[in-house]
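Please find below a colleague's note on the model, set out as numbered points. The terms are given with their cut-offs where they come up.

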Amino acid sequence: MKKVMITGGAGFIGVNLIRYILAEKPDWHIINFDMLTYAGNLASLASVEKNPNYTFVRGDVTDTDAVNRAMKDCWGVMHLAAESHVDRSIDDPGPFLNTNVIGTQKLLDAARGHKIEKFLQVSTDEVYGSLSKDDPPFTEDNHLDPNSPYSASKTSGDLLAKAYHATYGLPVVISRCSNNYGPYQFPEKLIPLLINNAKQDKPIPVYGDGMQVRDWIYVTDHCRGLVDIFEKGRTGEVYNLGGNSEMYNLDLIKLVLKEMKKSESLITFVKDRLGHDRRYAMDNSKITSELGWEPQFKFEDAIKMTVNWYLNNLDWVNQVISGDYLEYYKRQYVER
Ligand code: NAD
Ligand code: TYD
């Protein structure tokens, strides 16, 4: 058995990643290490909680003792735990520095002590900053130029990971991915928020002029890429992953409203986000040529699947928003 620690496994991407690994990698044992912040939701993993290849540990990545206990005998670490919502980082940057910087450093230190054979730092296109309309997509060689407290904290985590590789020879690899969408995303992010509000005929808040561009990737494509990078990526390297689906926010919103047969009159322009990045786009050449990965889901199909998933799982959405699941699982799993 290959024992792998996944931090942040109760979050949106973590949940999808754990489901993917349990289905695809029968010889892996997953330790899901997650603090269960507002964004962590074990109800999304209820169907796998009795799987013998899966163990949940409630803990904080900034807690050295808890991290060391959970990492014992692990072959590798996939580090996803983070504060991840840009708007929250603008309201209060402190928790972002604590989890995304200090937490990453604590994990890197523990990984050295446990002689971890692969440490995957899961990062984001946002570390590269913002592109203009005609710029080519980001490659791994773009300089790092983050604009929000969230992306600055992720950049710091990436730089620490890189430094631990250069200084201590820790076998680190870094992935940077564009905006994900799919099942189990917390409904404060654009796509689930949009579906949920549209379903209830509530206004859809569009920041600024809505002409910001994001490169959308279906979460399963990202998860497959993370496993590829974890298994086959060269240590010390960075790999970009994007969905080859650049779109203006406004076009995306109109497309989803059309899919849901809702009126565009729900679109409500609101004050722009501070420091709002105009455009992200990813160049996948490196990961495609080295690891053979490319996105498989077409946006037109996967967005329909995503809309249907949220409409069929309104109980999940409502309970996540109300926090009921969280309180239930927090009582079950006291931090260790
Ligand atoms: P998320 O906010 O949905 O989940 C984060 C998880 O981390 C939650 O389960 C939360 O409980 C846990 N967590 C937070 N602080 C913790 C702490 N101190 N100790 C232990 N656990 C803690 O985030 P996500 O969207 O699933 O993103 C996962 C990772 O992928 C993040 O590192 C993020 O930067 C990166 N990423 C996300 C996207 C995206 O579009 N969502 C794109 C590229 C990269
Ligand atoms: P978001 O899902 O928060 O992801 P990120 O900020 O990491 O890209 O937002 C995606 C885009 O949608 C971003 O340009 C901000 C915009 N947005 C809105 O216009 N309205 C909203 O209510 C939200 C949450 C986001």
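**Notes on the model**

1. Lys261 is found in the loop between helix 8 and strand 13 (267–270), where helices (H or I, at least four residues) and strands (E, at least two) are DSSP runs numbered from the N terminus. The phi of Lys261 is near 55 degrees, a positive value in a residue other than glycine. With a relative accessible area of 75%, Lys261 is exposed; buried means under 20% relative accessible area, exposed over 50%, and partly exposed in between, with a 1.4 Å probe and protein chains only.

2. On provenance, this is a predicted model, in which local features need pLDDT of at least 70 and side-chain atom pairs count only at pLDDT 80 or more, while totals for chains, interfaces and linings use all residues. Residues are numbered from 1 along each chain as its sequence is written, chains are lettered from A and ligands numbered from 1 in the order in which they are written, and side-chain values use heavy atoms, with hydrogens and water left out.

3. Positive phi values also occur elsewhere. Most residues other than glycine have a negative phi. Tyr184, although not a glycine, has a positive phi of about 70 degrees; Tyr184 is found in the loop between strand 7 and helix 6 and, in contrast to an exposed residue, is buried, with a relative accessible area of 16%. Asp201, just after helix 6, takes a positive phi of about 55 degrees.

4. Helix 6 itself (residues 190–199) has eight of its 10 residues buried, so this helix is largely enclosed by the rest of the structure. The buried residues of helix 6 include Ile191, Leu194 and Ile195, and also Asn196 and Asn197. The elements against which the buried residues of helix 6 pack are strand 7, strand 8 (204–207), helix 8 (249–259), helix 10 (299–312) and helix 11 (314–322), contact meaning heavy atoms within 4.5 Å.

5. The structure holds 16 aromatic pairs, for which the rings of Phe, Tyr and Trp (its six-membered ring) must have centres within 6.5 Å, planes under 30 degrees apart counting as stacked, over 60 as edge-to-face and the rest as tilted. Tyr181 and Trp216 form an edge-to-face pair, with 6.4 Å centre to centre and 75 degrees between the planes. Tyr181 lies in strand 7 (residues 180–181) and Trp216 in the loop between strand 9 (213–215) and strand 10 (217–218), so the pair ties together parts that are 35 residues apart in sequence. Tyr181 counts as buried at 1% relative accessibility, and Trp216 counts as buried at 5%. Another edge-to-face pair is that of Tyr310 and Trp316, with 6.5 Å centre to centre and 65 degrees between the planes, and both of these residues are buried. Ring pairs also link Tyr181, Trp216, Tyr218, Phe297 and Phe299 into a cluster.

6. Asn100, found in helix 4 (residues 94–113), counts as buried at 3% relative accessibility. Which residue shares a side-chain polar contact with Asn100? The partner is Ser153, at 3.0 Å, a polar contact being a pair of N or O atoms within 3.5 Å, of which, within protein, one must be able to donate a hydrogen and the other to accept it, and for which residues adjacent in sequence count only if both atoms are side-chain atoms. Not counting residues up to four places away in sequence, Asn100 touches Ala82, Glu83, Tyr150, Ser153, Lys154 and Gly157.

7. Asp277 sits in the loop between strand 13 and helix 9 (285–291) and is buried, with a relative accessible area of 6%. The C-alpha atoms of Asp277 and Pro146 are separated by 9.2 Å, although these residues are 131 residues apart along the chain. Leaving aside neighbours within four places in sequence, Asp277 is in contact with Gly129, Ser130, Asn147, Gln212 and Arg214.

8. Val15 lies in helix 1 (residues 12–24) and is buried, with a relative accessible area of 1%. Leaving aside neighbours within four places in sequence, the contacts of Val15 are Gly9, Ala10, Asn41, Ser44, Leu45 and Tyr184, the last of these being the residue with the positive phi of about 70 degrees.
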